[in-house]
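Trainee: I should like a close look at the empty spaces of this protein, meaning its pockets and its cavities. Please describe what lines them and how the neighbouring helices are arranged.

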Amino acid sequence: MRSQHPDKTSHGYVIERYVMRMDSDAPRYLELNGARALRPGWPHAERFARHLIDDAASITDEELEALLAYEWRSRLTGAWLIGVGRRESFRERIAGLLLASEVCYSGAGYCFALARFATRADSEILTAYLDHYLARTDLHYDQAAALGALLHLDARLATHYADRFTQPDGPWNRWVEGVGHLGYPSPNPAELRRWTDLQCGFANCWSAV
């Protein structure tokens with residue numbers, strides 16, 4: 001899909017309003033990418049979370065589409081707003097973007113959104129992604145975020161979608177070995193699930209307050 005600036009659909013304001021919003025000493029997209037909000041004691045946590053939740057509730061579908069049609073910063077932010085607001089009407093859109101893997105960083109946001117939707121349909125989207133991209137041992141994309149989200153959903157839904165990926169000498173270990181030769185670290189599946197647990201826990205906690 002070709003990137004389209006929100007100006008083209010008369011939504012140019014969404015970048016400043018949602019992506020570049022300053023609720024700390026860094027723009028929202030950087031906080032979402034760096035995940036400082038998940039660290040205990042972060043002084044901006046309440047302000048950041050409150051505004052994120054408010055925006056997730058008030059943003060229109062058209063504004064979300066404008067974010068998803070642009071570059072990685074806006075796609076990452078849009079995916080988080082979709083996940084926090086549980087906008088399940090965007091499931092197929094998120095699935096298409098995840099599988100296409102057109103830009104960096106935003107895939108982690110798509111995986112978060114699917115983890116928040118928390119249905120078997122979301123597990124199947126993540127499974128399809130891993131089926132395709134774990135075979136690419138020359139690519140380090142969003143395989144780790146996808147596995148973490150799938151493990152999170154397995155625990156929540158009492159399913160076993162991730163089992164065939166994480167078995168000894170299975171697709172996950174082969175992928176880790178392959179990208180390891182390219183200099184990438186070897187993430188532990190349990191740690192990846194914990195990271196998704198933290199993300200969803202953050203959204204759940206503040207949404208319930």
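Mentor: The answer below takes the open pocket, then the enclosed cavities, and then the helices around them.

The model is a predicted one. Its largest pocket has a volume of about 620 Å³. The lining of this pocket comprises 27 residues, and those closest to the pocket centre are Tyr105, Ala108, Tyr141, Asp142 and Ala145. Two or more lining residues come from each of α2 (28-34), α5 (72-84), α7 (106-117), α9 (143-157) and α12 (189-208). Sorted by class, the pocket lining contains 17 nonpolar, eight polar and two charged residues.

Turning to enclosed space, the structure holds two cavities of 30 Å³ or more. The largest cavity has a volume of about 50 Å³. Its lining is formed by Glu31, Leu32, Ala35, Ala37, Leu38, Phe48, Trp80, Gln199 and Phe202. Here α2 and α12 are the elements that give two or more residues. The lining of the largest cavity divides into seven nonpolar residues, one polar and one charged.

One residue of that lining, Trp80, also takes part in a helix contact, where Trp80, Leu81 and Val84 of α5 meet Leu52, Ile53, Asp55 and Ala56 of α3. Helix α3 spans residues 45-58, and its axis lies 8 Å from that of α5, at an angle of about 85 degrees. The range for roughly perpendicular runs from 65 to 115 degrees, so α3 counts as roughly perpendicular to α5. Six of the residues in the contact of α3 with α5 are nonpolar, none is polar and one is charged.

The second largest cavity has a volume of about 40 Å³. It is lined by Arg75, Leu97, Leu98, Ser101, Glu102, Val103, Ser106, Gly107, Tyr110 and Asp142. Asp142 is likewise among the residues closest to the centre of the largest pocket. Both α6 and α7 supply at least two residues of this cavity lining, and α7 gives the most, with three. By class, the second largest cavity is lined by four nonpolar, three polar and three charged residues.

Helix α6 (residues 91-100) merits a closer description. Its buried residues are Arg91, Ile94, Ala95, Leu97 and Leu98; of these, Leu97 and Leu98 line the second largest cavity. The buried residues of α6 pack against α4 (61-68), α5, α7 and α8 (120-133). Following α6 comes serine 101, with a positive phi near 45 degrees, and Ser101 also belongs to the lining of the second largest cavity.

Note on methods
Residues are numbered from 1 along each chain as its sequence is written. This is a predicted model: local features need pLDDT of at least 70, side-chain atom pairs count only at pLDDT 80 or more; totals for chains, interfaces and linings use all residues. Side-chain values use heavy atoms; hydrogens and water are left out. On a 1 Å grid over the protein atoms alone, a cavity is a set of points where a 1.4 Å probe fits but cannot get out, and a pocket is an open set with protein on both sides within 12 Å along at least five of seven lines; lining residues have an atom within 4 Å of a point. Grid points are joined across faces, edges and corners, and a volume is the space filled by probe spheres set on the points. Helices (H or I, at least four residues) and strands (E, at least two) are DSSP runs, numbered from the N terminus. Ala, Val, Leu, Ile, Met, Phe, Trp, Tyr, Cys and Pro count as nonpolar, Asp, Glu, Lys and Arg as charged, and the others, Gly among them, as polar. Axes are lines fitted to C-alpha atoms, for helices over the stretch in contact, and angles run from 0 to 180 degrees between N-to-C directions. Angles under 35 degrees count as roughly parallel, over 145 as roughly antiparallel, 65 to 115 as roughly perpendicular and the rest as oblique. Contact means heavy atoms within 4.5 Å. Buried means under 20% relative accessible area, exposed over 50%, partly exposed in between (1.4 Å probe, protein chains only).
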